[in-house]
Amino acid sequence: MSTKGITIEGRVVLVTGANRGIGQALVEEALRRGAKRLYAGTRQPLAHRDPRVTPLTLDVTNAAQIQAAVEKVESLDILINNAGLALVDDLGDRAALEQHLAVNLFGRAALEQHLAVNLFGTYGVTRAFLPLLTRSRGAIVNVGSLSAFAAVPVLPAYSISKAAAFSLSQSLRALLAGRGVKVHIVLPGPVDTDMSRGLDIPKASPESVARAIFDGVERNEEEIFPDPMSASMAESWRSGAAKAFERQNAALVATAPVTA
Ligand SMILES: NC(=O)c1ccc[n+]([C@@H]2O[C@H](COP(=O)([O-])OP(=O)(O)OC[C@H]3O[C@@H](n4cnc5c(N)ncnc54)[C@H](OP(=O)(O)O)[C@@H]3O)[C@@H](O)[C@H]2O)c1
């Protein structure tokens with residue numbers, strides 16, 4: 001973390017999954033911080049009171065929609081890959097839980113669904129917007145999950161997809177450093193949104209998480225730990241062997257070998 005991060009004021013920001021939860025909070029927080037333009041990627045039509053918000057129809061699994069979105073965006077400073085899928089169910093009933101785990105959550109179809117959104121969605125949107133981000137020497141912010149660090153066994157397919165997206169973020173960080181594009185990965189614990197509605201545990205508010213995400217970008221934190229549960233792991237991660245090994249591996253990369 002040697003260089004300064006990107007300030008939000010005056011920047012052009014794109015958020016996927018912008019209609020609810022953390023994505024919606026990110027839009028509001030970016031506006032509050034003086035972003036110049038907010039591209040709000042959603043699957044359903046979105047209306048917003050602020051004229052700085054430009055809605056984009058964007059299912060991150062739809063290559064044609066990604067391409068159409070790229071053609072509508074003139075310039076981009078910060079891409080936030082926030083859209084995410086976690087297939088959860090009523091886990092209250094033990095028999096239902098066992099059936100669910102065996103058949104649904106860890107079936108191949110569930111794995112493919114999670115990978116399609118959480119890994120390939122992030123990958124596809126990032127590739128498509130890379131030329132614009134390279135031009136602006138901008139930043140990619142991938143909203144991951146603490147389940148990338150340690151799998152949540154009742155959400156195996158989700159955890160696998162988030163671990164894969166974490167690894168993608170590490171490689172992109174090293175590969176894009178030569179182009180001046182920064183890559184941040186956000187590692188939230190439980191956040192109070194529809195996704196974790198059924199979990200009866202302490203959760204951070206999406207608004208506080210959105211603030212912490214932009215604070216982390218502005219401070220140029222490679223990993224952003226945006227809530228009390230994740231923040232308790234920040235120090236040990238940053239000073240730990242795995243982070244040192246990531247840097248060692250990153251040093252193997254010659255500058256800018258990736259083609260968009
Ligand atoms: N909530 C948590 O506890 C928690 C913890 C750690 C990490 N996260 C991560 O935070 C991110 C945001 O989650 P959230 O908590 O805000 O969940 P959420 O309230 O369920 O919102 C998910 C968002 O992703 C969008 N989305 C899903 N599939 C999509 C697709 N194929 N294309 C485009 N958009 C799609 C949804 O759009 P629709 O409205 O059209 O479905 C919605 O806007 C996710 O990446 C999630 O994994 C959440």
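Two helices stand out around the ligand in this predicted model. Helix 1, which spans residues 21-32, and helix 4, which spans residues 108-136, each supply at least two residues of the shell around the ligand. The largest share comes from helix 1, with 3 residues. In total, 29 residues surround the ligand. The closest of these are Gly17, Gly21, Ala83, Gly84 and Thr193. Sorted by class, the shell has 12 nonpolar residues, 13 polar residues and 4 charged residues.

From the ligand, turn to the chain that holds these helices. The chain has 9 helices and 7 strands. The 7 strands form an open sheet, and their order across the sheet is 3-2-1-4-5-6-7. The pairing is parallel. An open sheet has edges, and here the edge strands are strand 3, residues 53-57, and strand 7, residues 223-224. Each of these two pairs on one side only.

One pair of strands can be followed in detail. Strand 2, made of residues 37-42, pairs with strand 3 in the parallel sense, over 5 bridges. Within this part of the sheet, Gly41 stands opposite Leu56 in strand 3.

Next, consider how helices lie on the sheet. Helix 1, already met in the shell around the ligand, lies across strand 1 (12-16), strand 2, strand 3, strand 4 (78-81) and strand 5 (139-143). Helix 1 runs at about 165° to strand 1. Helix 5, residues 156-176, lies across strand 5 and strand 6 (182-186). The angle between helix 5 and strand 6 is about 160°.

Helix 4, the other helix named at the start, contains Gly124. Is Gly124 buried, exposed or partly exposed? Gly124 counts as partly exposed because it has 19 C-beta neighbours inside 10 Å, while a buried residue needs 20 or more. Leaving out residues up to four places away in sequence, Gly124 touches Val60, Ala63 and Ile66. Take Ile66 as an example: Gly124 and Ile66 are 58 residues apart in sequence, yet 7.7 Å apart in space, C-alpha to C-alpha.

The chain as a whole can be described in the same terms of contact and burial. Among contacts with a separation of 6 or more, 70% are between residues 24 or more positions apart. Of the 260 residues of the chain, 40% count as buried.

Notes. Residues are numbered from 1 along each chain as its sequence is written. This is a predicted model: local features need pLDDT of at least 70, side-chain atom pairs count only at pLDDT 80 or more; totals for chains, interfaces and linings use all residues. A residue is near a molecule or strand if its C-beta atom, placed from the backbone, lies within 6 Å of it. Helices (H or I, at least four residues) and strands (E, at least two) are DSSP runs, numbered from the N terminus. Ala, Val, Leu, Ile, Met, Phe, Trp, Tyr, Cys and Pro count as nonpolar, Asp, Glu, Lys and Arg as charged, and the others, Gly among them, as polar. Two strands pair if DSSP finds at least two bridges between them. Two residues are in contact if their C-beta atoms, placed from the backbone, lie within 7 Å. Axes are lines fitted to C-alpha atoms, for helices over the stretch in contact, and angles run from 0 to 180 degrees between N-to-C directions. A residue is buried if 20 or more other C-beta atoms lie within 10 Å of its own, exposed if 12 or fewer, and partly exposed in between; C-beta atoms are placed from the backbone.
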